[in-house]
Structures are given as structure tokens and as C-alpha cells.
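User: Please take a close look at one part of this model, the pairing of charged side chains. Then set that part against the chain as a whole.

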Amino acid sequence: MGPLAFILVSGFLYSQVDGSRLRQEDSPPRIVEHPSDLIVSKGEPATLNCKAEGRPPPTVEWYKDGERVETDKDDPRSHRMLLPTGSLFFLRIVHGRRSKPDEGSYVCVARNYLGEAVSRNASLEVACK
């Protein structure tokens, strides 16, 4: 077996074995679509978008005010779903006088074994009628 060479080009790691063609190797996650601020009426559906790339494809988790968001995968009774794209979908926005569980500041975090990427903050506010 001949020598193995690694070359870093524009943030991607390529390897070359015995003069064969360069090929792309695994890469850390990066956020390619950040969530935007939302103002939503109580009881209405909403989506906070997030899309990440990386190799292997990263897993996405959401955090609200620094705490991990529970989705339907964690609790089947949850009104929040993690979509295959990485976006966070709310079946209905929950907001009460004493409890405001959906209002807050959100970030999505994409992870694979090479690292993690954190989105910009997005605020979700409930519109007052």
C-alpha cells in the first residue's frame, strides 16, 4: 500500500491514495438555513426553519431559552414535531396567562461526530388579540 495524503481545501478534507482521484471525506455540520423571528396567534400552527448540512448528515436538536425542546419523538403527546429537514413544527401555539411554554428564544443545534453548529437565535412571540 502506498502513501496516504490529506489535503484541506475550502474547509473540506480530501484524501489521495496511490495517485487516485481526490475524494471528499466527512465534514462537520454547518447551518445553511437559520430560523427567523415569528409572531404567531395562540392556537395557530407555526414552523421555525432550520436546515443543516454535513457528512455524515447531522442530527438536529432545538433549544428554547437554553433548555432542550421536547418533541413528539420524546413525548407522543407533545404538540411540537421535529421535521425531517430539521425544522421545528408546532401543531398549535400554546400560551396562557400563567404558562407561556412556546414563547421564547430558540436555536437549533446540528451535530455529527466531527462537531456541532449552532444557528442564530430566533424569537417566537404570541400575538395579543
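Analyst: One cut-off comes first. A residue is buried under 20% relative accessible area and exposed over 50%, and anything in between is partly exposed. Keep in mind that the model is predicted.

Start with the network. E61, R68, D74, R111 and E116 are linked in a network of salt bridges. E61 is a good place to begin. Its carboxylate pairs with R68, with the closest N and O atoms 3.0 Å apart. E61 also meets R111 in a salt bridge, here at 2.8 Å from N to O. R111 belongs to strand 12 (residues 104–112) and E61 to strand 8 (residues 59–64), so this pair ties together parts that are 50 residues apart in sequence.

Where do these side chains sit, buried or exposed? Take R111: its relative accessibility is 29%, so it counts as partly exposed. E61 has 23% and therefore falls into the partly exposed class as well. R68 has 40%, and it too is partly exposed. The cut-off for buried is under 20%, so E61 at 23% is not classed as buried.

The network is part of a longer list. The structure holds nine salt bridges. One of them joins R30 and E53, with the closest N and O atoms 3.2 Å apart. That pair links distant parts of the chain: R30 is in strand 4 (residues 27–33), E53 is in strand 7 (residues 51–55), and 23 residues separate them. Accessibility is 47% for R30, so this arginine is partly exposed. E53 comes out at 37% and is partly exposed too. As a general point, side chains of opposite charge can pair when their charged atoms come close.

Now the strands behind these pairs. The chain has 14 strands and zero helices. Read along the sequence, its pattern is β throughout. Contacts between residues 24 or more positions apart make up 51% of the contacts with a separation of 6 or more.

Strands 8 and 12 turn up again in the nonpolar core. The largest such core has 20 residues, and L48, W62, F90 and Y106 have the most contacts inside it. Strands 8 and 12 each give two or more residues to this core, as do strand 6 (46–48), strand 11 and strand 14 (122–127). In general, nonpolar side chains of soluble globular proteins tend to be buried together.

F90 and Y106 deserve a closer look. The structure holds one aromatic pair. It is made by the rings of F90 and Y106, whose centres are 5.9 Å apart and whose planes stand at 85°, so the pair is edge-to-face. F90 lies in strand 11 (residues 88–90) and Y106 in strand 12, so the pair ties together parts 16 residues apart in sequence. Both F90 and Y106 are buried. Beyond its neighbours within four places in sequence, Y106 is in contact with residues including L48, W62, F90, V69, L88 and L124. Polar partners are on that list too, among them K64, R120 and N121.

So what does strand 12 hold, in view of its two pairs? R111 ties it to E61 in strand 8, and Y106 ties it to F90 in strand 11. R111 is partly exposed, whereas Y106 is buried.

Last, the whole chain. Buried residues make up 32% of its 129 residues. The chain exposes about 8,400 Å², and carbon and sulfur atoms supply 51% of that area.

Note on methods:
Residues numbered from 1 in each chain as written. Predicted model: local features only at pLDDT ≥ 70, side-chain atom pairs only at ≥ 80, totals over all residues. Heavy atoms only, no water. Salt bridge = Lys/Arg side-chain N within 4 Å of Asp/Glu carboxyl O. Helix = DSSP H or I, 4+ residues; strand = E, 2+ residues; numbered from the N terminus. Buried < 20%, exposed > 50% of the residue type's maximum accessible area, 1.4 Å probe, protein only. Contact = heavy atoms within 4.5 Å. Areas by Shrake-Rupley, 256 points an atom, 1.4 Å probe, with all protein chains shown as cover. Phe/Tyr/Trp six-rings, centres within 6.5 Å; stacked < 30°, edge-to-face > 60°. Core = buried A, V, L, I, M, F, W, Y, C linked by side-chain atoms within 4.5 Å.
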